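Q: Could you take me on a close look at a single strand and the partners on either side? I'd love a connected account that I can follow on screen.

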Amino acid sequence: ALSTTYAETQGGGGETHQVAGGEVATLTTANGHPVADDQNSLRQGARGPALIEDTHYREKMFHFDHERIPERVVHARGYGAHGFFELTDSLADVSRADVFQRVGERTPAFVRFSTVAGSKGSFDLARDVRGFAVKMYTQEGNWDLVGNNIPVFFIQDPIKFPDLVHSVKPEPDRAFPQAASAHDNFWDFVSLTPESFHMIMWTMSDRAIPRSFRTMEGFGVHTFRLVDAKGKSTFVKFHWKPKAGLQSVCWNEAVKINGADPDFHRRDLWDAINSGDFPEWQLGVQLFDEKFADKFDFDVLDATKLIPEEILPVRIVGRLVLDRVVDNFFAETEQVAFMTQNVPPGIDFSNDPLLQGRNFSYLDTQLKRLGGPNFTHIPINAPKCPMAHFQQDGHMAMRNPKGRVNYEPNSWGPFDGGPREDPARGFTSVPAAEPEPKIRARPESFADHYSQARLFFSSQTPIEQKHIGDALVFELSKVERPDIRARTVSHLRNIDEMLAAKVADGLGFDLPKPAQAARPTMMDLPAS
Ligand code: HEM
């Protein structure tokens, strides 16, 4: 039968051939050769052996065989969308970052939300932390704010990250469980790592089962620095506040949703954007200086701590709107490469050891995952501002220097000598303090692991507190070894006695002794 755009014919095997014509393009190989028959491979006689000279078949199968790239080692399951960041309150007084100068200006952005522990094909409503990674294509280069929906992290030192992730992923012999927190290895590791207990309180709370990506907060977690034109630096914590409000589901709802629609969150984001109900967040900052930081018993460089908003209110400076779904999931959401070290001039790092460790890890992991050093040439990763440098070659190079010169300094020029340094615009770091001796140790200011866990638990409503207790009983009931269960409860005793008692009761054992604290918690210290 003939349609207006293509002809359909039947082959000898009854298969359908849809033939190019009218507005329908001709199918080609990757090398541009028109393809006459895409239903039958080339054979020596209809019943004969396949011929190796069938370059169309060979190329098609070769490409298919290479379709998979490694999934992200963490945050493998994610979903992204395009949008923009709009500045509503200038930060020019504290930062020279171009993105923070002009109120009303819009900066294109791409956001990827994710779960952390599950594999690429896992379900959306897992009890887990959610990634909230934002790439802003600023006029002075890309800014990646690679955050989570929980304001603190499990560990203080990046050297523990591989252990944390190994413990949370399926166990190496049995390759299960897929569920993040429901197993011996995870609880064994965290119960031997008391610094994780603040984050454990958050992950056992309703925060870890959000209703939608649109109803999650986001946090930069670490203390960063903003730097003004004179080089003066101000500490900053970044916050994303959802316009739709903060909403979660209950555990029983999560379990049902996972069965009925494992794609619940991605479908929700896709539908919201396509129906014009654009998700929106406010960007907020907590700004402070060294003197303010010194007032706390905890360390602002410790990623297991937050600065309570009651003590330091969040100043809203912009909004993030997601208004366009991707054209292609792989090209954009899968190939997007976030890296904490992507900061434009005017935004800088603090000495948070976890942040410093991350700055090393992300470049390394992208090289492996995206197959070479030229992943910034992929459109989703390429800056949208002018770029000029002398990097060249390597696998998949798309953007080599033009002309004769690929080094500097050089005496060609001024027009054919290529780009030059720009001290007025480029990155200049704030002078560091005198170097101290090399040491493997944590400061005393990192030693209180329970006070903020208690602060979080006590900030919850009674029903939310019950959810935390129920979650702990459920997750720990999957743990086979009694000593791991008991050790976990021994930490809970340093957070809340009632909670510890309820969890021990729910699991059917007597309360163990409280875990020995590395340092008395702040609430136990005599008032000064
Ligand atoms: C993804 C390392 C801590 C947020 C990743 C990936 C690695 C990694 C290797 C995979 C990246 C990729 O293949 O594209 C680390 C290390 C950490 C750490 C070494 C600590 C030492 C954190 C923390 C946060 C975080 C504290 C939140 C503040 C994310 C997010 C992604 C990610 C959101 C997914 C990015 C995306 O959507 O593509 N991390 N991470 N990570 N990490 Fe971390």
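A: Happy to! Two strands count as paired here if DSSP finds at least two bridges between them. Please keep in mind that the model is predicted.

Let's take strand β8, which covers residues 224–227. Phe224 and Leu226 point one way from β8, while Arg225 and Val227 point the other way, and all are buried.

Now to the partners. With strand β9 (residues 233–242), β8 pairs in the antiparallel sense, over four bridges. Within that pairing, Phe224 stands opposite Val236 in β9. The two strands form a hairpin with five residues between them, and here Gly231 takes a positive phi near 95 degrees.

The other partner to look at is strand β12, residues 347–349. The pairing of β8 with β12 is also antiparallel, and it runs over three bridges. Here Arg225 stands opposite Asp348 in β12.

For the wider setting, UniProt lists residues 28–416 as "domain: Catalase core", in an unreviewed entry. Over residues 28–416 the chain is 21% helix and 19% strand, and the C-alpha atoms at the two ends are 40 Å apart.

If you would like another arginine to set beside Arg225, try Arg319, which lies in strand β11 (residues 315–324). Arg225 is buried, whereas Arg319 is partly exposed because it has 19 other C-beta atoms within 10 Å, and a buried residue needs 20 or more. Beyond its neighbours within four places in sequence, Arg319 is in contact with several residues, including Glu86, Thr88 and Trp281.

Notes: Residues are numbered from 1 along each chain as its sequence is written. This is a predicted model: local features need pLDDT of at least 70, side-chain atom pairs count only at pLDDT 80 or more; totals for chains, interfaces and linings use all residues. UniProt positions are given in the numbering used here, feature names are shortened, and annotations may be inferred rather than shown by experiment. A residue is buried if 20 or more other C-beta atoms lie within 10 Å of its own, exposed if 12 or fewer, and partly exposed in between; C-beta atoms are placed from the backbone. Two residues are in contact if their C-beta atoms, placed from the backbone, lie within 7 Å.
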